[in-house]
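I wanted a quick pass through this model, one feature at a time. These are my notes, in the order I looked things up.

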Amino acid sequence: MTIFKDAAYENETFKNVQWEDELEDIEFYNCVFTDSSFQSSRLTGCSFDSCEFTRCNLSLVEIRNTAFLDVHFRDCKMIGIAWSAVGGFLTAGYDRCILNNNIFSDMNLTRFTFTSCALVEASFHNTRLRHAAFDDCDLSGCTFSQADLSFADFTTSRNYYVNATENTLHKTRFSLPEAVSLLANLDIVLE
């Protein structure tokens, strides 16, 4: 039996779904996904508008030409996703998610909020993160290169390293002692 046999779903709740195949050309509007797994599946030409994912596993999902509009991810495991390949719109919020090894390159993530997330070894290359908030996030090994971090807020996050000469920092907010990492790439001696 196929769970997703229709071309569109509106105001639906999906619980305990275990999906490993491709979802293609399906629209979801105001849908809720709870305790479900889409691990290693492929999303092609889909649209998720005003949807919520709670306690879902989306690790290693392959995304192609799929739009995420006003989507909220809560307590989700999302390891190894290349969001750069979305090919559609991405406006999302992430709360208490594991986003390790995710790639957010060549994207506009202005005003995005990451709250209590693990972004270990994630990559933000050539990413616009103006006014983004990293609230209580673990950024161990996270890479920021050629990123616009103007007005971004890192004050409650930890384990970050931001190369101040390689990224745009304008009124970017940091706090001590973590902000000392901004000096790491400079040829200076701290005593």
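The entries below cover the core, the aromatic pairs, the strand pairing, one polar contact and some backbone angles.

**Entry 1: status of the model.** I am working from a predicted model.

**Entry 2: the core.** I started with the nonpolar cores. The largest one has 58 residues. Which residues have the most contacts inside it? I found F73, W83 and Y94. I then checked which strands feed this core, and both β10 and β11 are there, each with at least two residues.

**Entry 3: F73 and its surroundings.** I looked up accessibility next. F73 has a relative accessible area of 0%, so I log F73 as buried. Y94 also comes out at 0% relative accessibility and counts as buried. W83 is buried as well. I listed the contacts of F73, leaving out residues up to four places away in sequence. Among them are F53, L58, F68 and M78, and also W83, A92, Y94 and C97.

**Entry 4: aromatic pairs.** I counted 39 aromatic pairs. Why is the pair F73 and W83 edge-to-face? Their ring centres are 6.0 Å apart and the planes meet at 65°, and the cut-off for edge-to-face is over 60 degrees, so the label holds. I placed both residues along the chain. F73 sits in strand β10 (residues 66-74), while W83 is in the loop between β10 and β11 (87-95). The two are 10 residues apart in sequence, so this pair ties those parts together.

F73 has another aromatic partner, Y94. Here the rings are stacked, at 5.3 Å centre to centre and with 10° between the planes. This pair joins strand β10 to strand β11, across 21 residues of sequence.

**Entry 5: a three-strand sheet.** I moved on to strand pairing. One open sheet has the order β3-β6-β9, with parallel pairing. Which strands stand at its edges? They are β3 (22-24) and β9 (62-64). Each has a single partner strand, so one side of each lacks a neighbour in the sheet. I read an average turn of 10° between neighbouring strands, direction ignored. Between β3 and β6 (residues 42-44) I found three bridges. L23 has L43 of β6 as its bridge partner.

**Entry 6: partners of β10.** I went back to β10. Strand β7 (residues 47-49) runs parallel to β10 and is joined to it by three bridges. S47 stands opposite A67 there. Strand β8 (residues 52-54) also pairs with β10 in the parallel sense, again over three bridges. E52 has H72 of β10 as its bridge partner.

**Entry 7: D153.** I looked for a polar contact of this residue. D153 lies in the segment after β15 (143-145). What does its side chain contact? The partner is the side chain of R173, at 3.2 Å. Beyond four places in sequence, D153 is in contact with A132, A133, F134 and R173.

**Entry 8: backbone angles.** I ended with the torsions. The peptide bond from L176 to P177 is cis, with omega near 5°. P177 belongs to the segment after β15.

S116 is not a glycine, yet its phi is positive, near 55°. I place S116 in the loop between β12 (113-115) and β13 (123-125). Its relative accessibility is 29%, so S116 counts as partly exposed.

H131 also has a positive phi, about 60°, and is not a glycine. This residue is in the loop between β13 and β14 (133-135). At 31% relative accessibility, H131 is partly exposed.

How values were computed. Residues are numbered from 1 along each chain as its sequence is written. This is a predicted model: local features need pLDDT of at least 70, side-chain atom pairs count only at pLDDT 80 or more; totals for chains, interfaces and linings use all residues. Side-chain values use heavy atoms; hydrogens and water are left out. Helices (H or I, at least four residues) and strands (E, at least two) are DSSP runs, numbered from the N terminus. A polar contact is a pair of N or O atoms within 3.5 Å; within protein, one must be able to donate a hydrogen and the other to accept it, and residues adjacent in sequence count only if both atoms are side-chain atoms. Contact means heavy atoms within 4.5 Å. Rings of Phe, Tyr and Trp (its six-membered ring) pair if their centres lie within 6.5 Å; planes under 30 degrees apart count as stacked, over 60 as edge-to-face and the rest as tilted. Buried means under 20% relative accessible area, exposed over 50%, partly exposed in between (1.4 Å probe, protein chains only). Two strands pair if DSSP finds at least two bridges between them. Axes are lines fitted to C-alpha atoms, for helices over the stretch in contact, and angles run from 0 to 180 degrees between N-to-C directions. A nonpolar core is a set of buried Ala, Val, Leu, Ile, Met, Phe, Trp, Tyr and Cys residues joined through side-chain atoms within 4.5 Å.
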